[in-house]
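Work through the exercises below with the model open. Try each task before reading its solution.

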Amino acid sequence: MTMIRTLIPLQMYVVTYELAHGRPYSRFEELLLKAIYEASDTGGRTSRELEKIFQVHLRLLTEGLVTLIQEGWVAMAQKDTQIYYLVTAEGRSTVSTGRRPLRVRTAHARIVRERLTGQMARASDLNLVTTNSLRRLPRGVPRRQALQSRLIRTKVNGGEAERLLPRSGEQHEWVRWIDSATRVSQDLHYLPIRVDLDADKVFGLPYQWHHLTGTILQEVRERVPQFEADQEFQDVLGRLMQSTPDRAAEPDDETESVVQQWAEPYARAAVSCADLTWNGSQGRAVAAELLQRAHGSVLLVAGHLDPSAAVTLKDAALALRRRGVHCDVLWSCADDQPATAIARTISAIRADDSLPGKVQFNRQPAAAVADMIITSTEDGPVVAVGAGLFGLPAQDGELRPVLRITDPAAAAQLSRICAGWWEELPGSDPALPAHRWKHLAEQWAGDLARIPAVDRAPVACPDDPSCACTGEVLILVGPQQSAFQDRLAVEPGVRYLRTEPERPADDLVVELSGLDDAVGRMFRVVGGSDGWRTVRRKASTWFTEVVRAAPPARAQRILAVNGQWLVQCGDPDRSSVSFCVEGHVGERAWIQLVKA
């Protein structure tokens, strides 16, 4: 058996963040606070008055008063020889809104990112080794014997790391603030792995990094002579791996919680069929509706802009400014050639300083991460994601999915990720948008956590009013979407759709023939100028048909298997955002697509 030991190079970061929690108070403390609140106009209440109201032992009453004073809801004032209890401003807010007390603590977490594709993990969850632990080897050997680094990113988006930040479940803590991550080291920490070339297996990978198996096997096979020539390294690393327990073992029934931790998306929220649109005209309508409802601040993230779409974006931002809405625009373009013209168009948003709304934008193209709108409305934050948001009338017939998200928690998480995008830009101009969207994320997450949750009312399905329209969206960020796509692509099913706008459709047809359990599936794929192909297989024969339809958007890649629709935007090697719709909404999507 050919067994090779090697190292995955890592970057180590320290993330500083704030956690908040509201301590649920007892029914007695709630009534006690209200009794004091009701006497605000008469100068408060004494302990004797409260004792008569509640008819409880003085010791229990005192404990309740001490709790309220410690939380800052009640204050004491002496008048003559009497002590009166008065409600504070925070106490009034608690009574009127039902909020719980807010406590904040600062925490630090060590996060590692592997340098092959950019996946992240908690350092405490991995059996890491350092160059110091391999000090018996000659200098430079660990780096030479490690896998080759492919990732050139040096910064970590704080929002991208949010799901990995430890917090107390018992106290229902939520992330209030995430500071910019500080890199501690690069190529000083490694993840040791064992590669079995005979069985095509890699041991030591965490669950959600298993999609790296193919990449690792390919490189190890190419470098087998180099690895086998340094037997001292193989022996030292082998002894080191045997001396530590394997915390990244294969999942089983007893490690279900570990599996869920690795596989957990960055955000999830409930959605209805009305929240998902398919063609360009529907997506533009969603964008117009959101911008009409916007107040306060709006973030417009526009990827893959061309000069015509830039004019549409400029007009939308100017309309917001005229209404007094502050507008932040983060744009990118697929090609460098039109960048100068697009930058000139975007700059025109700031031409009229007399407009009440303020604007911030990047002067140079940013990395393509998503097409997105985040805005505050009278009903709370709303997010829209998808390539149809900033399209043109000529693209109305294209397949350009757009999803609307109204969950405040998901909006807060996406706002933190967007703040991280601003922080990656050079210069000082992005500092204000980064701070603004971190602050809004803090506000939305805090309001959601401190105000009692309200159950979402069921929505009737447009096709069948007797059926409850339910579904869920999973938000995926960065390299996580590649791992999710690999898992989704091999699932058996009878319905399958895939778009790869940069590849010929005929190449994708060839790939489909290698899928397991393909009999009975119907494929619809696209690749650049080749357009769409519908493919069926009966017995051992494949039938391919060219479908006349507008090609898909360059800004999106779609993979749909049964009732799961994965829509990817931007560069998956960066902190780009994609979403996967599941449940009834995903099932109905096939009906809508056929009708279109």
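Helices here are DSSP runs of H or I with at least four residues, numbered from the N terminus. The model is predicted.

**Exercise 1.** Find how far apart Lys34 and Glu30 are in helix α1.

Solution. Start with the helix: α1 spans residues 27–38. Lys34 and Glu30 are four residues apart there, so about one helical turn separates them. Next, check the side chains. They meet in a salt bridge, 3.6 Å from N to O. Finally, Lys34 is partly exposed, at 31% relative accessibility.

**Exercise 2.** Determine which parts of the chain the salt bridge between Glu219 and Arg150 ties together.

Solution. First, the distance: the closest N and O atoms are 3.2 Å apart. Then place the partners. Glu219 sits in helix α6 (residues 213–222), and Arg150 in the loop between α5 and β7, so the pair links parts 69 residues apart in sequence. Now take accessibility, where buried means under 20%. Glu219 has 5% and is therefore buried. Arg150 has 42% and is partly exposed.

**Exercise 3.** Identify the edge strands of the open sheet of seven strands.

Solution. Write down the order: β11-β17-β16-β15-β12-β13-β14, with mixed pairing. β11 (276–279) and β14 (359–361) each have a single partner strand, so they stand at the edges, with one side lacking a neighbour in the sheet. From one strand to the next, the twist averages 15°. Look inside the sheet next. β15 and β16 pair in the antiparallel sense over six bridges, and Met372 stands opposite Val385 in β16. Last, add helix α10 (residues 280–293), which packs on the sheet at about 135° to the direction of β11.

Definitions and conventions. Residues are numbered from 1 along each chain as its sequence is written. This is a predicted model: local features need pLDDT of at least 70, side-chain atom pairs count only at pLDDT 80 or more; totals for chains, interfaces and linings use all residues. Side-chain values use heavy atoms; hydrogens and water are left out. Two strands pair if DSSP finds at least two bridges between them. Helices (H or I, at least four residues) and strands (E, at least two) are DSSP runs, numbered from the N terminus. Axes are lines fitted to C-alpha atoms, for helices over the stretch in contact, and angles run from 0 to 180 degrees between N-to-C directions. Contact means heavy atoms within 4.5 Å. A salt bridge is a side-chain nitrogen of Lys or Arg within 4 Å of a carboxyl oxygen of Asp or Glu. Buried means under 20% relative accessible area, exposed over 50%, partly exposed in between (1.4 Å probe, protein chains only).
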